[in-house]
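The following is a walk through one protein model, from an annotated residue to a loop and then to the enclosed spaces.

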Amino acid sequence: MSLNGKVALVTGAGQGIGRGIALRLAKEGADVGLVDLKSDKIESVKGEIEALGRKATTFTADVSDRDQVFAAVEHVAKELGGFDVIVNNAGIAQVKPLEDVRPADLDLIYKINVNGVVWGIQAAAAKFKALGHKGKIINASSIAGHDGFALLGVYSSTKFAVRALTQAAAKELASSGITVNAYCPGIVGTDMWVDIDKRFSEITGAPIGATYKKYVEGIALGRVQTPDDVAALVQFLASDDSDYITGQAILTDGGIVYR
């Protein structure tokens, strides 16, 4: 599943799953464009990739802004000399009872988790077509894109939306040789889950760490997921070995949700 000669762009690449994906793609031979709101963090990841002997470039962007996403793709293609893969990884969580959700809550999470994926699909497809070759679009969904979770209702709805966008884009872009798939992580030991656990504690009164522990104990394989676990699937989806797979939202959760 070598990615030698490939150029990939990863959004939300400054930490957590995005960082893990960027490093895994580089280890497999890809040059990587790193996109994030936090320039200091992606500069650090850039150094890690260069230490692996691969090229990297950074671009600070808000994925909810269509123009910035298109500019990020142009920058990566120019700086790294091509464009083959986009990983629309950037996203945020929101823990709140549905009765408490307000317009500002919906606006924020949809702009990032849904709009950002749409802009990434558009920008990548346009660049693949301009370059005259096939391409890979890989989107971040979640186990919450297969099952709706209490107190994560709006977040779940955004990840269901990513699944729908993945399926529709796969159908629309197949004739251009572009595949579109999604990865669906479970309980990953990152800062996002620290924040989710804290919010559950505030709402339910559960001790800090209790919600995280409860979900981890429900994993069939008996351990929390790491960014590397997610990155292994993304690497496969980025490689030529997945050329006959499109429109799928693949669970990588250690055994929580079964489809």
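## The annotated tyrosine and its surroundings

Tyr155 has a relative accessible area of 10%, and because the limit for a buried residue is under 20%, Tyr155 counts as buried. The model is a predicted one. In UniProt, Tyr155 is listed under "active site", and the entry is unreviewed. The residue belongs to helix H5, which covers residues 153–173.

What does Tyr155 contact once its neighbours within four places in sequence are left aside? The partners are Ile92, Ala93 and Gln94, then Ile109 and Asn113, and finally Ser142 and Ala144.

## A loop residue

Asp65 lies in the loop that runs between strand E3 (56–60) and helix H3 (66–80). Is Asp65 buried, partly exposed or exposed? Its relative accessible area is 30%; since partly exposed covers the range between under 20% and over 50%, Asp65 is partly exposed.

The side chain of Asp65 comes to 3.0 Å from the backbone nitrogen of Asp67. A separation of 46 residues in sequence lies between Asp65 and Lys111, while their C-alpha atoms are 8.2 Å apart in space.

## Enclosed spaces

Searching the whole structure gives three cavities of 30 Å³ or more. The largest cavity holds about 70 Å³ of space. Its lining is made up of Lys6, Asp84, Val85, the run His133, Lys134, Gly135 and Lys136, and also Ala238 and Asp240. By class, five residues of this lining are charged, two are polar and two are nonpolar.

The second largest cavity holds about 50 Å³. Which helix gives the most residues to the lining of this second largest cavity? Helix H4 (residues 103–131) does, with four residues. The lining includes Ile112, Gly116, Val117 and Gly120. Thr11, Val63 and Val69 also line this cavity, as do Asn88, Asn89 and Ala90.

The class make-up of the second lining is five nonpolar and five polar residues, with no charged residues. For the largest cavity, the corresponding count of charged residues is five.

How values were computed: Residues are numbered from 1 along each chain as its sequence is written. This is a predicted model: local features need pLDDT of at least 70, side-chain atom pairs count only at pLDDT 80 or more; totals for chains, interfaces and linings use all residues. Side-chain values use heavy atoms; hydrogens and water are left out. UniProt positions are given in the numbering used here, feature names are shortened, and annotations may be inferred rather than shown by experiment. Helices (H or I, at least four residues) and strands (E, at least two) are DSSP runs, numbered from the N terminus. Buried means under 20% relative accessible area, exposed over 50%, partly exposed in between (1.4 Å probe, protein chains only). Contact means heavy atoms within 4.5 Å. A polar contact is a pair of N or O atoms within 3.5 Å; within protein, one must be able to donate a hydrogen and the other to accept it, and residues adjacent in sequence count only if both atoms are side-chain atoms. On a 1 Å grid over the protein atoms alone, a cavity is a set of points where a 1.4 Å probe fits but cannot get out, and a pocket is an open set with protein on both sides within 12 Å along at least five of seven lines; lining residues have an atom within 4 Å of a point. Grid points are joined across faces, edges and corners, and a volume is the space filled by probe spheres set on the points. Ala, Val, Leu, Ile, Met, Phe, Trp, Tyr, Cys and Pro count as nonpolar, Asp, Glu, Lys and Arg as charged, and the others, Gly among them, as polar.
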